[in-house]
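I opened the notebook to record what I looked up in this structure. The entries run from a term I needed, through the whole chain, to single residues.

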Amino acid sequence: MNKPLDLKELMVDRAALAKRLRQETSGEVMTDSASRGRYATDASIYQAMPVAVFVPKTAEDIATAIQIAAELGIPVLPRGGGTSQCGQTTGAALVIDNSKYFRNILDLNLDKTYVEVEPGMVLDHLNGSLKQHGLWYPVDVSTAGQATIGGMAGNNSCGSRSIAYGNMVHNVLGINAWLANGQIAEFGNYANSSGVAKQLGDFVKGLATTLQPEIETHFPKVLRRVAGYNLDIFHPQSELPYTQDGSVNLSHLLVGSEGTLAYFKSLKLKLAPLPKHKVLGIVNFASFYKAMDSAQHIVKLGPTAVELVDRTMIDLARSNPSFKKTIETALIDHTAQTPEAILLVEFSGEAHAPLLEKLKALEELMGDLGLAGSVVPMPDANLQKNLWEVRKAGLNIMMSLKGDGKPVSFIEDCAVPLESLADYTQALTDVFSKYGSRGTWYAHASVGTLHVRPILDMRRDGAQKMRAVAEEASALVRKYKGAYSGEHGDGLCRGEWISWQFGPKITEALAEIKTAFDPKGLFNPGKIINPPKMDDASNFRFPPSYKVIPLQPALDWSAWNVQNNPVTEETSAPGTGGDPAMGLAKAVEMCNNNGHCRKFDAEVMCPSYRVTRDEKHLTRGRANTLRLALSNQLDMKDESSQLGSDAIKEVMELCVSCKACRRECPTGVDMAKMKIEFLSAYKKRVGHSLRDVAVAYLPKYAGTISSIPLLPALLNLRNHIAPIAKLQEWIMGISAQRSLPIWKSKTFWSNPKAITPYQYSADELSKQKGVVLLADTFNAYFEDENLMAAIKVLTAAGYQIHIPHKSQSKAANTEQNTCSKEFCCGRTYLAAGMVDKAKETLGELVNHLAPYAGKNIPIIGLEPSCLFTLKDEALVMGFGERAVTISQHAQLLEEFLANEVKAGKLNLNLKAASKPVLFHGHCHQKSFAAVTPAMELLKLIPNAEPKLIESSCCGMAGSFGYEAEHIEVSKQMAEASLLPSIRKSPDSWVVADGTSCRHQIADGTQREAVHIAKILAAHL
Ligand SMILES: Cc1cc2nc3c(=O)[nH]c(=O)nc-3n(C[C@H](O)[C@H](O)[C@H](O)COP(=O)(O)OP(=O)(O)OC[C@H]3O[C@@H](n4cnc5c(N)ncnc54)[C@H](O)[C@@H]3O)c2cc1C
Ligand code: SF4
Ligand code: SF4
């Protein structure tokens, strides 16, 4: 009973399991190694291959799946966002993903302030729906955008404001759940319970009664204790009672059970009024110890949160231009030395004035504690919001450490009573230094739960150090009467500490509870009951046996091929990390599975997941599949074809190379570049299609087509004669539903004399107010009016313009014998996986631009995807320092103009607009933070009242939206937000800088979107 099943037996059963699931349910069944591998990890250091993965569509599907698994003796593991930090969401089981289809509110009772939801509902979505009613669900975990209510209940999750609202266990009113035999039971108020729930409740009550003295001795009295099962529901030990009226609620037994007792079908939750006002007081400390020591006094003022940010994090934020200004709003004196720590003390309530009194009380308290003048009062809501964002980003920067040593979470949420917090943190800091590591401290000072992750290298001596540090930390927790597991659960890394925490009798009772609920031990085995050792390397994602296959990538990944120093966090020189895949594998391994890419509304990442909600279309799914392929874990015989394999194709298929992950992924996983690697390897394997060639070589043949009389008009017939479009779709796979860009016979380049005035050498230009303006293929051949508009604006502003062109350039220092006379950024080649061709083409442009960049001349582009190639891919193509210098001068037109205005060098003096302006940012523009300058510039047009459309990718993504197999997904991406926003404003200008964005807008709304250059020129 409760022993792990024999893996061989499971392998045999997989086929039978899959067959029955396919026959008897409507859900999605996955058994291939790549799909299973995508569900083999959570945000912990562990990995276990599932037997199979099941994505149910209906509740009946789940019930049937549990039944089938029980009959076949296969374990079941329910899964939400998979963001757990302790390995509780990994296991050799049938993993059932609730997050795709089970995300509905089932019942909302405003009078009684409760809501009943399905287990896959994401916290932020729930709170988004509750906001209009002035309510919220206040267990505000940091992963609110990804964490599901089922997973939060499974882990007994806790938010930053738990001091005011409690943990999950304090906020769940009832759970309907399937038991391991497929039976449904209703867990709620014990006094009113009936049937199997009552029987189980009676059984647990019997155990609790017998063990009352043990419970009172061994259950820590702190609010933050999430270890084991809540056997104390009958004799509560938590600082905060589980129920307000002292009654016993059986659902609390399931909260924190990590999928080991029952499978939640629906959860009834207690709601709280949304606080109308919040103020923040930021206390600056010259000593970390003093900060920790003060927390016990501060909480007496009744704050809703007291959060710590230590000096390392403050310094990290100060060193980052995007965060510097905000973090400095929290400092008493930003010219002085960085404080050792700050505490963010939040008060919230119905009225503002009493909160200001609280701030005063905080200032007085700090004075009494000998720290007069140490508080920065922050009553402004916007400033507060920004500061909370920086607190989160600080952690992200810490997590982005390159090299094999990573901040590992295993003692990151021990909770100690506040009066011992200072001594505990001091002692643990000493432990870290004893083992050659260091901890950065942050988070919930209010409840004595500070997150800290020493840097360990799990492929080398990490496991030994982990055990040693854990042993010493546990002794400290015992000394200070704390809880070893205070927030993130037990899983694989803390399971073995349950018996340490509670003693043998309670541990035995927990096993009896498990047996009563799940006699065959099929629900998430090995968690809470019979756990493995935390340092059992066979459960590690990176065990010492982990090996990367040797590989020569197409791009330069040496910046990732480094190792780090766990104390100073300094990294070794690029290329010295020992990665057989020359840094590509290490870049892929940066994904720590935190699930931040499971975004639905905020920012851009990941557009494909937003449409499909499939793990494989998530940045995380892609990174995991790549990691498994590059470490030869995908059951493939031929090592050499891993990167270009069909398994990788499947995950890359819907990656639109939007570059959002590059910016928004906390650890900087840059999937757009990885897709280039895949395309390069894949196309080498299968060859290029006619469509690839047509897209890739467009910059080469565009000139020829436009110069042959009547040919442009002839080709344009395709947009008007449906059978031609159909034929093209059949031959080339270009969707007949799309219109194609219109060929012109008069283009920007068609009159060479017209460009003669725009030819200067770098020397000549540097002596004037000069700029380089790139004439990209799209704006030169298809929308030359944009280039003309840009020239008009720049000329009106008094700039001399150089437009790179091979035949006319006096400055070109290479003579290329190619059929095309125009330079090109190589983007279209990269999109087709022709990296060598892209290097050759971009190399010419780099050679041409280098002297201009060397003279500090701004290099201006109009098409974001072309311009940002100079700031991104060009840096990893072996062009050396020249590319770096060029990247420092490359900018969009609006970035250049906005900077000139800010510097007081430019006054555009624009006319008033006749209608308001809507702006849609191109994904690459967002990735490089170039949307703000566009908005700043548009604000200079009187009456324009520019509004930014909150949208992800428009869905075109270069050629993606034209491809027949992607047309539907492309339209869905556009319909997610962009097109509806435009339709809602029929009388606005729509401004979009991306050629393909404009195309999508025209196709989807029949509205013309214009480039910013055009709208500026129109208002000169
Ligand atoms: C960067 C980061 C920050 C975090 N911050 C916090 C924080 O502030 N506070 C906090 O408490 N945690 C935090 N966590 C941990 C984690 O995000 C939370 O515990 C979260 O609530 C888990 O939700 P999930 O949907 O991802 O659950 P999963 O990881 O998918 O599942 C969690 C557990 O619940 C079980 N489960 C899931 N669904 C069901 C179901 N239907 N029935 C029965 N059992 C089920 C699973 O089997 C598993 O054991 C953080 C994690 C990361 C990576
Ligand atoms: S890709 Fe980035 S955001 Fe997504 S899970 Fe991995 S680390 Fe997190
Ligand atoms: S580039 Fe865009 S689509 Fe591709 S993984 Fe990153 S966020 Fe997702």
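I began with a term: a helix here is a DSSP run of H or I with at least four residues, and helices are numbered from the N terminus. With that I could place K481, which lies in the loop between α16 (462-479) and α17 (497-517). I also noted that the model is a predicted one.

**Entry: the whole chain**

I looked up the secondary structure and found 42 helices and 27 strands in the protein chain. I then checked the overall size. A compact globule of 1020 residues would have a radius of gyration near 31 Å, and the protein chain has 30 Å, so the two agree. The C-alpha atoms fill a box of roughly 95 × 70 × 55 Å along the principal axes.

I asked how much of the chain is buried, and the result was 62% of the 1020 residues. For contacts between residues at least 6 apart in sequence, I found that 73% join residues at least 24 apart. The exposed area is about 37,600 Å², of which carbon and sulfur atoms supply 54%. I also looked at charge: there are 108 positive and 107 negative charges, and their mean positions are 4 Å apart.

**Entry: T425**

I went to helix α15 (residues 421-434), where T425 is found. Is T425 buried or exposed? The relative accessibility of T425 is 0%, so T425 counts as buried, the cut-off for buried being under 20%. The side chain of T425 reaches the backbone oxygen of L421 at 2.9 Å. Leaving out residues up to four places away in sequence, I listed F288, M292, W441 and L450 as the residues T425 touches.

**Entry: S374**

S374 sits in the loop between α13 (352-368) and β15 (375-378). I found a relative accessibility of 7%, so S374 counts as buried. Which backbone oxygen lies 2.7 Å from a polar atom of the S374 side chain? I found that it belongs to L371. Apart from residues up to four places away in sequence, S374 touches I282, V283, N284, I332 and M366. I also noted L331, which is 43 residues from S374 along the chain, with 8.9 Å between the two C-alpha atoms.

**Entry: N155**

N155 is in helix α5 (residues 149-155). N155 counts as buried because its relative accessibility is 12%. Setting aside neighbours within four places in sequence, I recorded contacts of N155 with residues including S84, Q88, V226 and H488.

**Entry: helix α25**

In α25 (residues 698-707) I listed L698, P699, K700, A702, I705 and S706 as buried. I then looked up what covers these buried residues, and the cover includes α24 (690-696), α26 (711-716), α30 (777-782), α32 (827-831) and α33 (835-854).

**Entry: backbone details**

I found a cis peptide bond between M605 and C606, with omega about -15°. C606 is in the loop between α18 (584-588) and α19 (607-612).

I came back to K481, which has a positive phi of about 55° although it is not a glycine. K481 counts as exposed because its relative accessibility is 65%, and the cut-off for exposed is over 50%.

E945 is not a glycine either, and its phi is positive, near 40°. I placed E945 in the loop between α38 (931-938) and β25 (947-948). With a relative accessible area of 59%, E945 is exposed.

Note on methods
Residues are numbered from 1 along each chain as its sequence is written. Chains are lettered from A and ligands numbered from 1 in the order in which they are written. This is a predicted model: local features need pLDDT of at least 70, side-chain atom pairs count only at pLDDT 80 or more; totals for chains, interfaces and linings use all residues. Side-chain values use heavy atoms; hydrogens and water are left out. Helices (H or I, at least four residues) and strands (E, at least two) are DSSP runs, numbered from the N terminus. The radius of gyration is taken over C-alpha atoms; the globule rule is 2.2 Å times the number of residues to the power 0.38. Buried means under 20% relative accessible area, exposed over 50%, partly exposed in between (1.4 Å probe, protein chains only). Contact means heavy atoms within 4.5 Å. Accessible areas come from the Shrake-Rupley method with a 1.4 Å probe; for residues, only the protein chains shown count as cover. Lys and Arg count as positive and Asp and Glu as negative; His and the chain ends are not counted. The place of a charge is taken as NZ of Lys, CZ of Arg, CG of Asp or CD of Glu. A polar contact is a pair of N or O atoms within 3.5 Å; within protein, one must be able to donate a hydrogen and the other to accept it, and residues adjacent in sequence count only if both atoms are side-chain atoms.
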